[in-house]
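Please find below a colleague's note on the model under discussion, set out as numbered points.

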Amino acid sequence: MSLQYIFKRLLYLIITALVVSALVFGITQILPANAATMLLGEYATADALVALEQKLGLDQPAYVQYWRWISGLLQGDLGTSLRSGLPVADTVFQALGRSLLLAAFALIAVVIIAIPLGVIAAVRRGKAADFGVSMISYIGISLPEFVLATLLLVWLTAPDIALFPASGYVPITENFTKGLWHIALPVITLAIVLTAHVMRMVRSEMADALHADYVLAARLRGLSTTTVLIRHALRNSMLPTITVLALDVGYLIGGIIVVEEIFAFPGIGRLLIVSIQERDLPMIQAGALVMAFTYALSNLLADLAYVYLDRRIQYD
Amino acid sequence: MCISIGVFNMTDFMSRLLRQPHGVVGLILLVVLAIEVILGPALAPYDPETFHYSSRLVGPTPEFLLGTDQFGRDILSRLLWGARTTVLLSLFATLIGAGIGGAIGILSGYLGGRIDEVIMRLVDALMAIPSLLFALLIITVLGPSGTNAVVAIGIAFSPGMARIARSVTLSVRTSDYVAAAVARGESPLWIMSREIAPNMLAPVIIEATIRVAFAIMLLATLSFLGLGSQPPAPEWGLMISEARAFMFRNAWTIVWPGLSIAMVAITFNLLGDALRDALNPKND
């Protein structure tokens with residue numbers, strides 16, 4: 001992997017961040033009400049509005065405002081929330097940390113569940129196990145997170161069962177078991193939906209790998225089935241799976257927005273929804289930018305991992 | 001009988017589609033869905049917005065086959081009326097995405113060079129925004145409503161469609177018939193729409209079919225979040241959102257609309273997979 005390639009990809013990442021930031025900023029510019037109207041409410045006098053607009057710099061041209069926003073952003077200053085009055089950066093990064101924990105748990109669960117199931121389906125292609133896995137994955141990719149989450153709520157948090165808490169958050173650093181107990185339902189929801197995606201991919205990649213010449217060669221050499229499966233077929237089908245996992249971070253981000261909203265989990269997704277409802281512009285800008293950047297970064301890391309793992313590929 | 005559209009053979013295509021089990025199941029489900037969409041309101045036993053005060057939140061009974069919601073509205077009737085909105089709006093959102101994306105992709109691929117490079121970098125950057133987040137941002141501007149949700153999903157889908165359209169354009173741009181059209185002195189617009197666009201039919205239809213499933217799920221999700229269709233519309237996502245406060249008293253209010261959304265999404269996912277296998281020349 002050449003340094004030049006990494007450099008080029010980093011450049012693309014910066015371009016992506018710039019385009020997304022311009023888009024997000026543009027959107028908040030088109031909005032009928034600006035920050036001053038939001039702070040003072042719709043019954044504010046015209047004089048008060050003009051005064052505040054001047055104070056906030058809203059009377060300046062859009063590009064000046066954009067430049068100020070971007071230069072603040074590069075210094076880690078994302079502005080102040082219009083609702084809470086707190087610094088946006090603190091709120092956003094605190095929420096992001098909680099969401100990343102949620103995502104990490106979900107991804108670990110997916111890797112543990114989806115890869116073995118996909119392998120089993122591929123090995124037993126056309127048999128009952130394969131059919132079962134395919135059925136489950138079709139249902140999984142067709143069930144929106146909010147439906148699944150609501151069904152899990154009905155089933156597992158009903159007053160007479162109350163297996164899990166219906167909402168809320170306890171930091172696992174504060175109380176480990178209680179923290180896990182609160183994070184369980186959001187993680188289960190995300191894991192089920194993601195497992196369906198990843199399982200499908202592992203199955204089809206593994207099925208291709210099992211027909212490849214090198215697998216046949218390994219079998220003819222008399223290696224055991226397990227060795228052939230794990231050392232040869234699985235290893236090669238892992239490469240596309242990494243790409244899919246990275247692409248699925250896109251679903252995961254969408255899922256996180258919905259799941260956090262439903263389970264009242266104070267992460268970045270819920271922060272964004274609340275900010276949109278309250279029209280808290282600096283918060284919307286920062287939240288959207290952080291999410292898009294996380295996605296772009298995960299795609300970059302997946303590509304780099306792909307190149308590193310598969311020495312046959314040479315990008316320039 | 002053999003209907004041929006260009007090189008595309010309808011009879012052959014159908015037999016390829018029906019050779020796969022998921023194609024058969026997908027087509028059957030599509031027929032059921034079409035009946036629901038066309039005849040839904042006629043089949044509904046009650047008006048979808050009539051309150052039956054004496055029987056609120058009842059489970060399935062002979063009188064109310066799927067039960068009633070918190071206002072005593074018949075769930076079956078609401079689902080049947082809602083099918084039209086939910087399915088047609090999702091198709092429409094996908095069409096918007098295919099239209100905008102297709103046009104951008106063809107233009108970018110046809111013009112090539114620096115313009116293509118710039119457009120594709122922009123498209124890549126937009127693809128770095130997850131669909132739901134993209135749709136949320138657009139709705140922030142447009143305001144929450146069913147129509148705006150459709151527009152938002154359409155725009156959010158267009159970068160992906162643009163990529164596909166561009167790759168098809170690049171593959172046929174150097175072909176003899178495009179060169180012939182250029183030599184005849186046809187206008188670029190004519191070449192793009194008559195010579196290049198028809199090649200896009202198969203890949204765009206495959207992508208669009210799978211996208212319809214996403215569109216349905218996204219549309220329902222936006223309605224659920226209060227950013228799509230507004231009450232009292234019998235939109236399926238909205239039905240779940242409204243019934244949430246009463247879900248422990250009658251879980252059917254959640255189960256039926258959820259099942260309906262999943263069934264439509266499964267229909268288009270199965271069809272999309274079957275189309276991909278049927279239209280893939282590798283499977284000859």
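The points that follow take up the domains, the contact between chains, the nonpolar core and one helix.

1. The model is a predicted one, in which local features need pLDDT of at least 70 and side-chain atom pairs count only at pLDDT 80 or more, while totals for chains, interfaces and linings use all residues. Residues are numbered from 1 along each chain as its sequence is written, with chains lettered from A and ligands numbered from 1 in the order in which they are written.

2. Chain A is divided into domain 1 (3-74) and domain 2 (89-309), the bounds coming from an automatic or database domain assignment. The centres of these two domains of chain A, taken over C-alpha atoms, are 33 Å apart. Across the boundary, 13 residues of domain 1 of chain A are in contact with 13 residues of domain 2 of chain A, contact meaning that the C-beta atoms of two residues, placed from the backbone, lie within 7 Å. On the side of domain 1 of chain A that touches domain 2 of chain A, the largest share, 10 residues, comes from H1(A).

3. Between the chains, 34 residues of chain B are in contact with 38 residues of chain A. The largest share of the side of chain B that touches chain A, eight residues, is supplied by H11(B). By class, this side of chain B has 26 nonpolar, five polar and three charged residues, where Ala, Val, Leu, Ile, Met, Phe, Trp, Tyr, Cys and Pro count as nonpolar, Asp, Glu, Lys and Arg as charged, and the others, Gly among them, as polar.

4. The largest nonpolar core (buried Ala, Val, Leu, Ile, Met, Phe, Trp, Tyr and Cys residues joined through C-beta atoms within 7 Å) has 155 residues, and A:Ala292 and B:Leu219 are among those with the most contacts inside it. Helix H8 (residues 176-210) of chain A gives the largest share of this core, 16 residues. Because domain 1 (3-74) and domain 2 (89-309) of chain A both give residues to this core, it lies between them.

5. Helix H11 (residues 268-278) of chain A, helices being DSSP runs of H or I with at least four residues, numbered from the N terminus, has buried residues including A:Ile268, A:Leu271 and A:Ile276; buried means that 20 or more other C-beta atoms, placed from the backbone, lie within 10 Å of a residue's own. The buried residues of H11(A) pack against helix H5 (88-123), helix H10 (225-262) and helix H12 (281-309) of chain A, together with helix H5 (131-142) of chain B. Just after H11(A), A:Arg279 takes a positive phi of about 55°.

Technical notes
A residue is buried if 20 or more other C-beta atoms lie within 10 Å of its own, exposed if 12 or fewer, and partly exposed in between; C-beta atoms are placed from the backbone. Helices (H or I, at least four residues) and strands (E, at least two) are DSSP runs, numbered from the N terminus.
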